[in-house]
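Colleague: I would like to learn how the surroundings of a ligand, the empty spaces and the strand pairing are read from a model. Could we go through them one at a time?

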Amino acid sequence: MQDDTFSAKRPPSVGFVSLGCPKALVDSERILTQLKVEGYNVSASYEGADLIVVNTCGFIDSAVQESLDAIGEAMHANGKVIVTGCLGAKNGNEGKDMITKLHPKVLAVTGPHATEEVMQAVHIHLPKPHDPFIDLVPDHGVKLTPKHYAYLKISEGCNHRCTFCIIPSMRGDLVSRPIGEVIREAESLKKAGVKELLVVSQDTSAYGVDLKYRTDFVNGRPVKTQFQQLAEELGELGIWVRMHYVYPYPHVDRVVPLMAEGKILPYLDIPFQHSHPDVLKRMKRPASGERNIERIRAWRNTCPDITLRSTFITGFPGETEDEFKHLLDFIEEAQLDRVGVFAYSPVDGAVANALDNPVPEEVKEERRARLMALQEKISLSRNEAKLGKVMQVLVDETDEEGIVARSKADAPEIDGNVFIPMPENQTQQPKPGDFINVLIDDCDEHDLWGRIA
Ligand code: SF4
């Protein structure tokens with residue numbers, strides 16, 4: 001009898017599987033927040049779930065496979081599945097049709113950034129509970145990251161048409177959120193205890209272009225919806241602010257002084273992709289390697305502590321050995337702190353697949369390995385320069401053995417960590433989310449080791 005009473009009152013429960021990049025994570029957080037607002041129970045497992053939402057990624061083939069596997073697993077475990085995310089936005093046999101062909105019983109398929117559509121599908125197949133406990137949902141919504149850092153998504157889509165990328169065809173042109181809304185969300189995240197904001201989008205430096213930099217209001221003050229103003233406003237919050245996916249536009253230079261002043265973190269995640277002007281042209285990317293070297297020099301003059309992270313593609317169609325050597329010279333000269341290197345992978349639907357002279361697989365990989373070997377030496381020497389220094393770090397995790405933290409130079413999940421032994425004195429033991437000062441005494445090319453200073 002008690003069980004019946006309990007199940008009659010039990011709110012409907014939605015299982016949630018979140019795959020893909022930080023931008024997809026933000027979409028997941030929005031859907032989870034809305035589910036909570038409406039009184040649904042949400043869980044990260046299938047157990048006890050009345051329905052499952054799978055947020056997919058469709059960027060590269062392995063991500064597509066992972067998404068299809070997750071859908072299959074959810075269908076098998078539960079049978080009531082709604083699919084959202086990038087894979088759902090791909091047309092024809094590559095996306096939506098492939099999902100419905102493989103899993104004809106899926107309840108609905110949407111693209112990314114589709115909280116409303118997902119909620120409509122949820123309402124049809126799992127009606128809203130009558131009396132949602134709205135007051136139980138915190139202002140800042142539901143977060144999937146640890147409590148002390150959060151992703152702040154400022155826009156969706158992209159106006160570029162890089163020939164290796166299909167994101168614009170999946171997510172459309174740039175749509176920026178008005179600055180007032182973004183800053184309100186940032187303030188409420190700070191109030192909820194967030195110590196680090198990671199600003200994400202497909203193209204952070206283009207923020208506001210679509211709105212013609214329209215003026216909006218932040219706490220009653222008129223402020224333009226624009227990248228530099230965004231950095232200035234976020235810089236007033238007094239927490240760590242880290243900029244990701246910054247396209248190398250000239251106006252990025254104007255944000256570097258804010259880093260030197262300590263307003264935002266001295267960290268730029270800026271995907272250059274290549275250095276050779278002809279490869280950049282085939283990629284439909286602006287700027288040239290030479291110009292970027294000059295700018296890196298100027299950034300370091302303004303802000304000597306700046307950490308530069310970038311990504312590069314080896315074996316892009318038509319890349320000659322000379323063009324690749326140009327990239328190696330660029331890497332040698334730029335002395336970037338962190339570098340991700342990808343062998344070109346022909347994503348279905350990308351314009352670059354039709355370019356002449358595809359590079360053989362083994363050459364792409366061999367070039368990737370050469371570039372990585374060079375960069376490892378550079379990353380090691382940049383980390384060695386930190387030995388003997390005291391730096392502020394943010395604690396991510398602790399256990400009896402030690403503390404895992406990150407310095408200003410380390411973004412969560414993609415960069416290195418700082419490992420510190422746990423002090424025996426309990427009063428000195430930090431918790432996740434604490435800032436502590438650490439004396440660095442060892443390193444490799446990725447990580448640092450140190451002790452509490
Ligand atoms: S800027 Fe980024 S998201 Fe936009 S088309 Fe180029 S690679 Fe894709």
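Colleague: How do the residues of the shell around the ligand divide into nonpolar, polar and charged?

Modeller: Please keep in mind that this is a predicted model. The shell around the ligand divides into seven nonpolar residues, two polar ones and one charged one. The residues that surround the ligand are C158, H160, C162, F164, C165, I167, P168, Q202, Y247 and R285.

Colleague: How is empty space found, and how many cavities of 30 Å³ or more does the structure hold?

Modeller: Rolling a probe the size of a water molecule over the atoms shows where empty space is left. In this structure there are two cavities of 30 Å³ or more, and the second largest cavity has a volume of about 30 Å³. The elements α2 (22-37) and β4 (81-85) each give two or more residues to the lining of that second largest cavity.

Colleague: Which residues line the second largest cavity, and how do they divide by class?

Modeller: The lining of the second largest cavity is made up of D27, I31, N55, T84, G85, P112, H113, A114 and T115, and by class these residues divide into three nonpolar, five polar and one charged.

Colleague: What volume does the second largest pocket have, and which residues lie nearest its centre?

Modeller: The second largest pocket has a volume of about 670 Å³, and of the 27 residues that line the second largest pocket, P266, D305, I306, T307 and K408 lie nearest its centre. Two or more lining residues come from each of β12 (240-243), α10 (256-260) and β16 (390-398), and by class the lining of this pocket has 14 nonpolar, six polar and seven charged residues.

Colleague: Strand β16 brings us to the sheets. In what order do the strands of the closed barrel run?

Modeller: The closed barrel has five strands in the order β16-β17-β18-β20-β19, with mixed pairing, and neighbouring strands of this sheet are turned by 50° against each other on average, direction ignored. Within the barrel, strand β19 (residues 435-443) and strand β20 (residues 448-452) pair in the antiparallel sense over five bridges, and C443 has L448 in β20 as its bridge partner.

Colleague: What feature does UniProt place at residues 384-453?

Modeller: The UniProt record, an unreviewed entry, places "domain: TRAM" at residues 384-453. In the model this span is 1% helix and 47% strand, and its end C-alpha atoms lie 18 Å apart.

Note on methods
Residues numbered from 1 in each chain as written. Predicted model: local features only at pLDDT ≥ 70, side-chain atom pairs only at ≥ 80, totals over all residues. Heavy atoms only, no water. 1 Å grid on protein atoms, 1.4 Å probe; cavity = no way out; pocket = protein on both sides within 12 Å on 5 of 7 lines; lining within 4 Å. Points joined across faces, edges and corners; volume = space filled by probe spheres on them. Helix = DSSP H or I, 4+ residues; strand = E, 2+ residues; numbered from the N terminus. Nonpolar A, V, L, I, M, F, W, Y, C, P; charged D, E, K, R; others polar. UniProt positions renumbered as here; feature names shortened; annotations may be inferred. Near = heavy atom within 4 Å. Pairing = 2+ DSSP bridges. Axes fitted to C-alpha atoms, helices over the stretch in contact; angles between N-to-C directions.
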